[in-house]
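Reader: Hello! Could you walk me through some side-chain and domain details of this model?

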Amino acid sequence: MAIGIDIGGTNLRAARVSGTGEILERISEKSAPDPELVLSRIAEMVRRLDFPEVAAIGIGVPGRVDARLGAVLSGGYVNLASVSPAQRLESLAGKPVVIDNDCNMALVAEMALGGARGHESIVMFTIGTGIGGAVVQDRRIVRGKGTAGQLGHITVDLSGEGCVCGRRGCVETTSSGTALGRHIARAGLGPDVSVDQLFARDAGGDPLARGILEAWAGPLRAAIDTTVAMFDPDLVLLGGGLGLAAHRALARAPALAPWFQCPVEAAQLGDDAGVIGAGLQALAEQAAVAQSAVAQASPVSLPTARLDRTRRAVPGRRAVLVNGIPASGKSTVSRGIAAHMGWPLLALDTIKNPFLEVLGGGDREFNRILGRASYQAIWSVVGEAPAGAIFVIDAWFGFQPRQVLEDHLRSAGVEQTAEIWCHAPGEVLAERYRARLDQRPAGHPGAAYIPELIELAKRAEPLRRGPLLDVDTTRPIAFDAITQWLQATIAADR
């Protein structure tokens, strides 16, 4: 069995799923815009569902996901690009984690158990807070170079609403659940008017309700026709929380072009599709890994990887100082930088926590002593690295005098640093810190530290040692911009 997780803009769903796709137990929580809170809630759901028989965990995430790398590249209403959910959950649960786009996961379930059984070429739209998409050809997910299938970002109005992707007029801005709310509000109706009430009003001859449904369904029809022209599928599925309603609304916007006709059906598994698909995909990946291990065990010689000798060695070591007080998001930013740049990451908690676990914790003063020793260990590791190495260092650099850092940098042979300052309002830090109290080993300060943390947030400042980049972690982390800045400030050969 496996645990399947479906992350949405409104709800987080998780279930323990059998190898045949049966849901054995399910849990749901409210979603949140803060990625750390979302990850904390997911970790708690996994803890509650985990059994020794659970072999793997699958996660469906909205947005652009590179399933081969196990990385979230960008998101929309819930952006987990900054928190490395697969790696974090794998570390917490001690079990392999598979991650993919949420619509891909839902389509896996529909192919196995739902409306796509027996079909070879399928396009699926999931209609919810946003709009997800997935494409299957020959019963295989189409990925392009990594993230194909973002059908919610098909442009249907060049001068339309701004989209979270940075463009205008994506079908997500016209035909999602969020967009339906805008259509209703602009028509002068209250926010409590449901889509079922719109259908009832329409059936009674209300032109206002009909206009709302046509404005909602018309752009979706255009997006469907576009995908039919591109992929020539034998089925288009509409899933997600509003999939059935969207299918019904399409009667107000029939396909007109004779070239682009294709059956359009409502998905059959409803809100369960995401967790079932994530669980099944996790088990399938585990089976593939096992097969690969058997194949590699055979006595076949493999080609030796060639070393790239074209890069010029750069004297001196360099360090990216990812700075911020506890719960500021610096660990999230550090992991993202390490994943994007391929640089080794050294963090205080990575060194300190195993000692706390083995020693059974301690009081706050012991935690501080261990923190200072861990800090020294970090710079000892840096000092042993080859010349030209670049490290990402995750720490609150204000917990010791500035001269301590300077001494460590000198002894480690670090010639250049760049600083990334992570911050958020005190009340946000307090909520994050409180949410993860039960995930930290004994010895870390408890809830009594929260008022002190809020006060610290008011006066904490960056080091301002070398180039400085400010990162507000209440906003989606722009890793593309961060990596470009790092390439220009610290990674360029001198």
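Reader: Are W396 and W421 buried or exposed?

Author: Happy to help! This is a predicted model, where local features need pLDDT of at least 70, side-chain atom pairs count only at pLDDT 80 or more, and totals for chains, interfaces and linings use all residues. Residues are numbered from 1 along each chain as its sequence is written, and side-chain values use heavy atoms, with hydrogens and water left out. With buried meaning under 20% relative accessible area, exposed over 50% and partly exposed in between (1.4 Å probe, protein chains only), W396 and W421 are both buried.

Reader: Which kind of aromatic pair do Y375 and F397 form?

Author: Rings of Phe, Tyr and Trp (its six-membered ring) pair if their centres lie within 6.5 Å; planes under 30 degrees apart count as stacked, over 60 as edge-to-face and the rest as tilted. For Y375 and F397 the centres are 6.1 Å apart and the planes make 65 degrees, so the pair is edge-to-face.

Reader: How many residues apart in sequence are the parts that Y375 and F397 tie together?

Author: Helices (H or I, at least four residues) and strands (E, at least two) are DSSP runs, numbered from the N terminus. Y375 belongs to helix α12 (residues 364–384), while F397 is in the loop between β15 (390–395) and α13 (402–412), so the parts they tie together are apart in sequence by 22 residues.

Reader: What is the relative accessible area of F397?

Author: Its partner Y375 counts as buried at 1% relative accessibility. F397 is buried too, and its relative accessible area is 3%.

Reader: Which residues do ring pairs link into a cluster?

Author: The structure holds five aromatic pairs. Ring pairs build a cluster from Y375, W379 and F397.

Reader: Which ring does the charged end of R16 sit over?

Author: A charge sits over a ring if NZ of Lys or CZ of Arg is within 6 Å of the ring centre and within 35 degrees of the ring normal. The charged end of R16 is 4.0 Å from the centre of the ring it sits over, that of F51.

Reader: How much area do domain 1 and domain 3 bury between them?

Author: The domain bounds, from an automatic or database domain assignment, put domain 1 at 2–101 + 274–279 and domain 3 at 317–491. Buried area is the accessible area (1.4 Å probe) that two parts lose on being put together, summed over both. Here 50% of it is on carbon and sulfur atoms, and the total is about 1100 Å².
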